[in-house]
Amino acid sequence: QLSNKLALVTGSTSGIGKGIAETLLKEGAEVIVNGRTEERVNNLVEELSSLGKVHGIVADLSKADESEKLVDEVKKLGNLDILINNMGMFEVKAFEEVTDEEWMTYFQTNVVSAVRLSRQFLPEMLARDTGRVLNIASEAGVKPLAQMIPYSVTKSSLISLSRGLAELTKGTNVTVNSVLPGPTWTDGVAGFMKGAAAEEGKDLEKFTEDYFKDNEPTSLIQRFATVEEVASTVTFLASPLSSAINGSAQRVEGGIIRS
Ligand code: NAD
C-alpha cells in the first residue's frame with residue numbers, strides 16, 4: 001500500500017511512534033525516524049533496517065532551530081508524503097502546581113512542534129495534491145484528565161489543529177486527521193503499572209483488571225490497547241485506503257468515549 005511513500009514519524013525511538021515506524025515499513029514505506037539522542041536514533045535505525053528503507057534524524061522538535069534542521073534533512077531525502085506528529089510529553093501533576101513555564105513547555109512540545117512541521121510540509125503536499133498528516137492526540141483531548149490538565153489541553157489543541165488544517169485541504173487529495181489513543185501498553189506504561197502493582201502487593205494481571213474497573217469503567221475492552229492496535233489504525237489513515245476520511249478525530253480507546 002505504501003511503496004514509494006516517504007514518511008516521517010516524530011518521537012519514534014519508543015512506544016507508539018516506534019510501532020508506527022515499524023508498521024509503515026512493513027507496508028513498504030520509506031521511513032524517517034526521529035529522537036533526541038544520536039544513540040537511540042542509531043540503535044533504532046539498525047533495529048528496523050531489516051524491515052525496509054529507514055533513516056534517522058536527531059532533533060529536539062520542541063525547539064525551532066532543531067525543527068528547521070530536521071526539515072532541511074527531510075527535504076534532502078525527497079518529498080514527504082506522510083507526516084506523523086507523534087511525539088509528546090505527559091506528567092501527572094496537580095493543576096495548581098503547574099507553572100507558566102511548564103505550560104509553555106507543554107505547548108512547545110505537544111502542539112508547536114506539530115504546527116511547525118505542518119507549516120513546512122502541508123503546502124508542498126497541497127502543491128503536489130497528495131499527502132497525509134496525522135497528529136497523535138489522545139482520548140484525554142476530549143475527556144480531560146484531572147491530574148493531567150496541561151496534557152489534556154494540548155491534546156485538545158492538536159485535535160483542533162487537525163480540523164483547522166483539514167479545512168485547508170478542501171478539494172484536494174491531501175488529508176489531515178488526528179488519532180486519539182486511549183490507555184496503550186507501551187514500555188513506559190508497563191513500567192508504571194508494574195511499579196504500582198508491586199506497591200499494592202498485587203500481581204500485574206489482577207492490578208490491571210482492578211485499574212480498568214476503577215479508573216476506566218466505561219472502557220468496553222477493559223484492557224490496554226497494544227501499540228500494534230494503535231499503529232495499524234495510524235497506518236490505515238496514512239494509506240490511500242483512507243481517502244474519504246478528512247478532518248476526523250479517530251479514537252482507538254476501546255470505547256471509553258461514546259457519543
Ligand atoms: P513515549 O514516551 O514512549 O513516546 C513519546 C516519544 O516522544 C518519546 O520517544 C520521546 O523521546 C519523544 N519526544 C518527547 N519530546 C520530544 C522532543 N522534544 N523532540 C523529539 N522527540 C520527543 O510514549 P507513547 O505512549 O508512545 O506516546 C506517543 C504519543 O502517543 C504521545 O503523543 C502520547 O501523548 C500519545 N498517547 C499515548 C497514550 C498511552 O497510553 N501510551 C495514550 C494516548 C496518547
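**Close-up 1. Aromatic pairs in the predicted model.** This predicted model contains six aromatic pairs. One of them joins Y211 and F212 in an edge-to-face arrangement. Their ring centres lie 5.5 Å apart, with 80 degrees between the planes. Y211 is partly exposed, at 23% relative accessibility. F212 is buried, at 1%.

**Close-up 2. F212 also pairs with F224.** The ring centres of F212 and F224 are 5.0 Å apart. Their planes stand at 90 degrees, so this pair is edge-to-face. It links distant parts of the chain: F212 sits in helix α7 (residues 204–215), and F224 lies in the loop between α7 and β8 (225–226). Twelve residues separate the two. F224 is buried, with a relative accessible area of 10%. W185, Y211, F212 and F224 make up one aromatic cluster.

**Close-up 3. The seven-stranded sheet.** The sheet is open, and its strands pair in parallel. Their order is β3-β2-β1-β4-β5-β6-β9. β3 (54–58) and β9 (249–252) are the edge strands, each pairing on one side only. On average, neighbouring strands are turned by 20 degrees against each other, direction ignored.

**Close-up 4. Strands β5 and β6 side by side.** β5 (residues 131–136) runs parallel to β6 (residues 174–181), and six bridges join them. I136 has V179 of β6 as its bridge partner.

**Close-up 5. Helices against the strands.** Helix α1 (residues 15–26) packs on the sheet. It touches β1 (6–9), β2 (30–35), β3, β4 (82–85), β5 and β6. The direction of α1 makes about 170 degrees with that of β1. Helix α3 (residues 64–77) lies across β1, β2 and β3. α3 runs at about 160 degrees to β3.

Technical notes
Residues numbered from 1 in each chain as written. Predicted model: local features only at pLDDT ≥ 70, side-chain atom pairs only at ≥ 80, totals over all residues. Heavy atoms only, no water. Pairing = 2+ DSSP bridges. Helix = DSSP H or I, 4+ residues; strand = E, 2+ residues; numbered from the N terminus. Axes fitted to C-alpha atoms, helices over the stretch in contact; angles between N-to-C directions. Contact = heavy atoms within 4.5 Å. Phe/Tyr/Trp six-rings, centres within 6.5 Å; stacked < 30°, edge-to-face > 60°. Buried < 20%, exposed > 50% of the residue type's maximum accessible area, 1.4 Å probe, protein only.
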